[in-house]
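User: I am a first-year student, and I would like to understand how the words used for a protein model are tied to numbers. Please take the terms one at a time, setting each value against its definition.

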Amino acid sequence: MRRPPGALLCLGSLTALGTPIATAHAAAAPQVACRVYAAKPFVTATGTIQASASRMGCDDIALLRIHIKRAMAGTDPVVKSATQRRANGRGIANLRCIPGVYYTAATDHRGNEDRSKAVRLSCTTDIPAPTPAPGAGTALKPTSAAPGSAQWPSAKEEAEVVRLTNLTRQEKGCGPLTHDVQLHSVAQNHSKHMAATNAPDHENALGRIRASGFTPMSVWGENAAWGFSTPNKVIDEWMKEDETPTQRENILNCAYTHAGAGLAYNAQKVPYWTLVFAKH
């Protein structure tokens with residue numbers, strides 16, 4: 001959400017390592033101007049290229065056009081397009097994978113537009129199974145589950161995400177976030193949903209937070225990512241200034257007082273992360 005192992009956002013010989021995506025809003029009156037956000041394409045677990053784009057902070061319904069473009073000498077051709085009608089939320093376009101360098105371009109009828117960074121895709125799954133971080137005691141290990149189902153670990157990795165977030169906030173002068181039980185449930189359930197569908201998104205984030213019973217609520221935000229094997233790696237990605245500004249802004253937003261972190265694995269052991277922020 002820059003996105004795939006990216007935020008829902010490398011050129012050259014590198015492929016994307018993960019995908020983070022983020023959203024931030026005031027609950028009563030969203031303060032983000034209507035905009036379009038394009039995420040880098042990536043290769044899914046089924047071997048297809050997937051690109052996504054989102055409208056955020058918009059109060060009207062409009063056509064969101066998503067183009068997968070291939071970087072080539074001369075004019076870059078559009079190799080796949082998708083058009084979806086929506087107010088806010090995420091749309092996707094899929095393409096049979098052919099090795100090459102691709103990027104996402106998105107626009108709406110208002111003239112809002114965005115373009116992702118280009119990424120070289122090799123037509124193999126871009127996201128490896130979790131591996132131990134250097135110096136770590138053990139690798140992240142999902143609990144046993146039926147074949148083909150989403151899996152999830154204990155809460156210690158989720159608590160570590162909040163701890164690392166608070167250390168980062170402390171360096172910038174922000175107060176610590178309380179790991180809230182209700183927000184933890186929101187984040188955990190959303191990670192399970194993303195793992196089961198193999199797709200990172202922010203669908204109905206505000207509704208999910210409200211349904212948890214976290215009230216009253218004045219501001220809220222959400223970060224999501226997939227493919228990062230440790231809490232340190234996902235926090236490092238969210239804190240990148242060049243690719244994931246919204247995720248960084250959420251972490252360093254001193255207005256937030258509570259948070260909840262969630263982690264789940266899909267059947268291929270790809271980790272899906274969610275970090276929800278809010279304030280009463």
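User: Why is Lys-269 called partly exposed?

Analyst: In this predicted model, Lys-269 has a relative accessibility of 44%. Buried means under 20% relative accessible area, exposed means over 50%, and partly exposed is what lies in between, with a 1.4 Å probe and protein chains only. Since 44% falls in that middle range, Lys-269 counts as partly exposed. Lys-269 sits in the loop between strand 12 and strand 13, and its phi, near 65 degrees, is positive although the residue is not glycine. Most residues other than glycine have a negative phi, and most peptide bonds are trans.

User: What rules apply to the numbering and to the values?

Analyst: Residues are numbered from 1 along each chain as its sequence is written, and side-chain values use heavy atoms, with hydrogens and water left out. Because the model is predicted, local features need pLDDT of at least 70 and side-chain atom pairs count only at pLDDT 80 or more, whereas totals for chains, interfaces and linings use all residues.

User: What makes Asp-108 a buried residue?

Analyst: Asp-108 has a relative accessible area of 4%, and because this is under the 20% limit, the residue is buried. Asp-108 belongs to strand 7, residues 100-108, where a strand is a DSSP run of E with at least two residues, a helix is a run of H or I with at least four, and both are numbered from the N terminus.

User: How do you know which residues Asp-108 touches?

Analyst: Contact means heavy atoms within 4.5 Å. Leaving out residues up to four places away in sequence, Asp-108 touches Cys-34, Val-36, Arg-55 and Leu-63.

User: How do you know that strand 4 and strand 7 pair?

Analyst: Two strands pair if DSSP finds at least two bridges between them. Strand 4 and strand 7 have seven bridges in the antiparallel sense, so the condition is met. Within this pairing, Leu-64 stands opposite Asp-108 of strand 7. Strand 4 (residues 62-70) also runs antiparallel to strand 5 (residues 78-86), with eight bridges joining them, and there Ile-68 stands opposite Lys-80.

User: Why does the length of helix 2 agree with what is expected?

Analyst: The expected span is 1.5 Å times one less than the number of residues. For the 17 residues of helix 2 (residues 181-197) this should come to 24 Å, and because the end C-alpha atoms are 24 Å apart, the two values agree. Among the buried residues of helix 2 are Leu-183, Val-186 and Met-194, and the elements that its buried residues pack against include helix 1 and strand 13. After helix 2 comes Asn-198, whose phi is positive, near 55 degrees.

User: What makes a group of residues a nonpolar core?

Analyst: A nonpolar core is a set of buried Ala, Val, Leu, Ile, Met, Phe, Trp, Tyr and Cys residues joined through side-chain atoms within 4.5 Å. The largest such core has 20 residues, and Val-161 and Trp-273 are among those with the most contacts inside it. The largest share of this core, four residues, comes from strand 12. A second, separate core of 17 residues includes Ile-68 and Leu-95.

User: Which peptide bond is cis?

Analyst: The bond joining Thr-215 and Pro-216 is cis, with an omega of about -10 degrees, and Pro-216 lies in the loop between helix 3 and strand 11.
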